[in-house]
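Visitor: Could you take me in for a close look at one buried charged residue and its salt bridges, and then walk me outwards from there?

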Amino acid sequence: MLAALDAHLADARPRPLRPVHRPLVELLYFGIKEARACLFAGLFFLAMFCVPRAGLFGIPRYDVLLAVALGIQAWMLAARLETWDEVKAVGLFHAVGFALEVFKTHVGSWSYPDAGYTKLFGVPLFSGFMYAAIGSYIIQAWRLLDLRIRHHPPHPMAAAIAVLIYVNFYTHHYIGDYRWYLAACALGLYARTTVIFRPLDRDRRMPLLLGFVLTGFFIWLAENLGTLMGVWRYPNQLGAWSVVHVSKWSAWSLLVIMTFTIVANLKHVKARVHVPA
C-alpha cells in the first residue's frame, strides 16, 4: 500500500484543476507528503507515547523503544521504503545524536530517569533515533517533494558552519554560547538559497531558511510532548512538567541545518543542489 501511495505521490503529470480548487488540492497533497516523510518519526514518537513508563512484559520502557525503533528501521528497509545508503545516513545521525546525548546528560542539561538494560553512559541507546528521525524525514521529504536547491552556498562553507554548530553544543558549557553568531553566519550563507518543491504537479518555491525554522519549530513541539510523557526531563521539569524553553527552538533549527548539510552531500541528492560558480 505504501509503495502504491509513493507511486501516486511521485506522479507529476499535469492535473486539470480549476484555479479555485488548486490551492486546496496542493495543500492537501503537501500535507500527505509531509506525513509520509514523517513515517519513521511518527511511528517512533507514537511508540514513545503508547509504551507505559513501567514498560511492557517486564521489559523497561527504554529497551522496548529501542526494539521498536530497530523494528521500524528493518521494516522500512525490507519494504524498500529506504535504501541501504539512506539507512547508513540514518545510522550516522544516530551516532552523532547519541554522542551529544551522552555529553549533555553528563553536564546535567537533561536526564533519563528510568532504568533500562540498554543504557550506555547513563543514556538509553534509543535516544539516538530521535536525531535519526530528523534525518529520515529530510531524506524522505527530499524524494517525495522532488526537492531542488538553488544558490546553495559552497559545500566547504556549508560544512564548516555545520561542524561549528555541532561543536557549539559542547563548547558553550565552557567558553560561552555562540549560537546567535553562528545563526547570523548561517543567515548570510543561506540568504539567497531557495528550495524548489513539487506538492502536486507544479513547482513551488520558498526560502530554505524558512524551512529550517519551521522544521525546528515542529521538533520543539515534539520535544514538549516527549518531556510531558516523562521519557526525558530537563532540570526544571523534575518536580512538575513545564513547557520546554523557547530557546530550544533555535537550537533545533540550527541542528536541522547540520542535518540538512549531511543529506545535501549524499551522492543521490548532490546533483539537485545548485552551487553558483
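Guide: Let's start at Glu26, which is buried with a relative accessible area of 7% (buried means under 20%, exposed over 50% and partly exposed in between, with a 1.4 Å probe and protein chains only as cover). Before going on: this is a predicted model, where local features need pLDDT of at least 70 and side-chain atom pairs count only at pLDDT 80 or more, while totals for chains, interfaces and linings use all residues. Residues are numbered from 1 along each chain as its sequence is written, and side-chain values use heavy atoms, with hydrogens and water left out.

Back to Glu26. Arg22 forms a salt bridge with Glu26, and their closest N and O atoms are 2.9 Å apart (a salt bridge is a side-chain nitrogen of Lys or Arg within 4 Å of a carboxyl oxygen of Asp or Glu). Both Arg22 and Glu26 are buried. They sit four residues apart in helix H2 (residues 22-37), so about one helical turn separates them (helices, H or I with at least four residues, and strands, E with at least two, are DSSP runs numbered from the N terminus). An α-helix has 3.6 residues a turn, so residues three or four places apart point the same way.

Glu26 also meets the side chain of Arg204 in a salt bridge, 2.8 Å from N to O. Because Arg204 is in strand E5 and Glu26 in helix H2, this pair ties together parts that are 178 residues apart in sequence. Arg204 itself is partly exposed, at 31% relative accessible area. Salt bridges with shared partners join Arg22, Glu26, Asp201 and Arg204 into one network.

The count of salt bridges comes to 13. One of the others pairs Arg13 with Asp11, with the closest N and O atoms 2.6 Å apart. Here Arg13 is exposed at 59% relative accessible area, whereas Asp11 is buried at 19%.

For a contrast with Glu26, try Asp63 in helix H4 (residues 61-78). Asp63 is buried but has no salt bridge, and the nearest side chain of opposite charge, Lys119, is 9.2 Å away (Lys and Arg count as positive, Asp and Glu as negative, and His and the chain ends are not counted). Apart from neighbours within four places in sequence, Asp63 contacts Gly116, Tyr117 and Thr118 (contact means heavy atoms within 4.5 Å).

Now return to strand E5, because E5 (204-207) is among the elements that cover the buried residues of helix H9, along with helix H3 (39-50), helix H6 (128-144), strand E3 (148-150), strand E4 (194-197) and helix H10 (247-264). Those buried H9 residues include Phe212, Trp220 and Glu223. The 21 residues of H9 (residues 208-228) should span 30 Å at 1.5 Å a residue, and the end C-alpha atoms are 31 Å apart, which agrees (the expected span is 1.5 Å times one less than the number of residues). Just after H9, Gly230 takes a positive phi of about 75 degrees.

H10 is mostly covered too, with 14 of its 18 residues buried. Its expected span of 26 Å agrees with the 26 Å between its end C-alpha atoms. Ile257 is found in H10 and is buried, at 4% relative accessible area. Not counting residues up to four places away in sequence, Ile257 touches Ile165, Ala186, Tyr190 and Phe212. Ile257 and Ala158 are 99 residues apart in sequence, yet 9.0 Å apart in space, C-alpha to C-alpha.

A couple of backbone oddities, while we're here. Most residues other than glycine have a negative phi. Phe121, though, has a positive phi near 60 degrees; Phe121 lies in the loop between strand E1 (119-120) and strand E2 (123-124) and is exposed at 64% relative accessible area. His151 likewise has a positive phi near 60 degrees, sits in the loop between E3 and H7, and counts as partly exposed at 27% relative accessibility.

Last stop, the outside. Ile175 lies in helix H7 (residues 155-175) and is exposed at 54% relative accessible area. Together with Val107, Tyr174, Tyr178 and Tyr181, Ile175 makes a nonpolar surface patch of about 580 Å².  Patches are made of residues with over 30% relative accessible area and no salt bridge, joining like charges within 9 Å and nonpolar side chains (Val, Leu, Ile, Met, Phe, Trp, Tyr) within 5 Å; the areas come from the Shrake-Rupley method with a 1.4 Å probe, and for residues only the protein chains shown count as cover.
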